[in-house]
Amino acid sequence: MLTLVIVLLAAWLILSIVGFAIQGILWIGVIGVVLFVATAIIGWTRHRATRT
């Protein structure tokens, strides 16, 4: 599960960088940032729940 979260975080980070680098598809950068934050929060809460 942790591997999946790390892969998703990397994908969202790359998507965000590409979106912000190319002005015409700025909305992809915004979506990438939102998905990155959502994946990080979900991964952090699930990791914390299984640890305790």
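Modeller: Before we place G19, note that helices in this predicted model are DSSP runs of H or I, at least four residues each, numbered from the N terminus.

Biologist: With that in mind, in which helix is the place of G19, and is G19 buried or exposed?

Modeller: The place of G19 is in helix α1. Since buried means under 20% relative accessible area, and the value for G19 is 0%, G19 counts as buried. The helix asked for is therefore α1, and the class of G19 is buried.

Biologist: Leaving aside neighbours within four places in sequence, which residues is G19 in contact with?

Modeller: G19 and V30 are 11 residues apart in sequence, with 7.5 Å between them in space, C-alpha to C-alpha, and the place of V30 is in helix α2. Once the neighbours within four places in sequence are set aside, the contacts of G19 are I25, L26, I28 and G29.

Biologist: Is V30 itself buried, exposed or partly exposed?

Modeller: The relative accessibility of V30 is 43%. Buried would require under 20% and exposed over 50%, so a value of 43% leaves V30 in the class in between, partly exposed.

Biologist: How far apart in space are V30 and R48, C-alpha to C-alpha?

Modeller: V30 and R48 are separated by 18 residues in sequence. From C-alpha to C-alpha, the separation of V30 and R48 in space is 27 Å.

Biologist: Which element gives the largest share of the nonpolar patch?

Modeller: This surface patch, of about 840 Å², is made by L13, I17, F20, L26, V30, V33, V34, F36, V37 and I41. The elements that contribute two or more residues to the patch are α1, residues 2-21, and α2. Seven residues of the patch, the largest share, come from α2.

Biologist: I17 is part of that patch; is I17 buried or exposed?

Modeller: The place of I17 is in helix α1. Its relative accessible area is 54%, and because exposed means over 50%, I17 is exposed.

Biologist: Turning to W12 and T39, how far apart are they in space, C-alpha to C-alpha?

Modeller: W12 has its place in helix α1, while T39 lies in helix α2, residues 26-51. Beyond four places in sequence, W12 is in contact with G32, L35, F36 and T39. W12 and T39 are 27 residues apart in sequence, and their C-alpha to C-alpha distance in space is 8.8 Å.

Biologist: Which residues does T39 touch, not counting those up to four places away in sequence, and is T39 buried or exposed?

Modeller: Not counting residues up to four places away in sequence, T39 touches V5, L8, L9 and W12. The relative accessibility of T39 is 11%, and as this is under 20%, T39 counts as buried.

Biologist: How much space lies in the largest pocket, and which element gives the largest share of its lining?

Modeller: The largest pocket has about 160 Å³ of space. Its lining is formed by M1, L2, V5, I6, L9, A40, I42, G43, W44, R46, H47 and T50. Both α1 and α2 give two or more residues to this lining. The largest share, seven residues, comes from α2.

Biologist: Finally, is A49 buried or exposed, and how far is it from V7 in space?

Modeller: The place of A49 is in helix α2. At 53% relative accessibility, which is over 50%, A49 counts as exposed. A49 and V7 are 42 residues apart in sequence, and the C-alpha to C-alpha distance between them in space is 20 Å.

Note on methods. Residues are numbered from 1 along each chain as its sequence is written. This is a predicted model: local features need pLDDT of at least 70, side-chain atom pairs count only at pLDDT 80 or more; totals for chains, interfaces and linings use all residues. Side-chain values use heavy atoms; hydrogens and water are left out. Buried means under 20% relative accessible area, exposed over 50%, partly exposed in between (1.4 Å probe, protein chains only). Contact means heavy atoms within 4.5 Å. Patches are made of residues with over 30% relative accessible area and no salt bridge: like charges are joined within 9 Å, nonpolar side chains (Val, Leu, Ile, Met, Phe, Trp, Tyr) within 5 Å. Accessible areas come from the Shrake-Rupley method with a 1.4 Å probe; for residues, only the protein chains shown count as cover. A salt bridge is a side-chain nitrogen of Lys or Arg within 4 Å of a carboxyl oxygen of Asp or Glu. On a 1 Å grid over the protein atoms alone, a cavity is a set of points where a 1.4 Å probe fits but cannot get out, and a pocket is an open set with protein on both sides within 12 Å along at least five of seven lines; lining residues have an atom within 4 Å of a point. Grid points are joined across faces, edges and corners, and a volume is the space filled by probe spheres set on the points.
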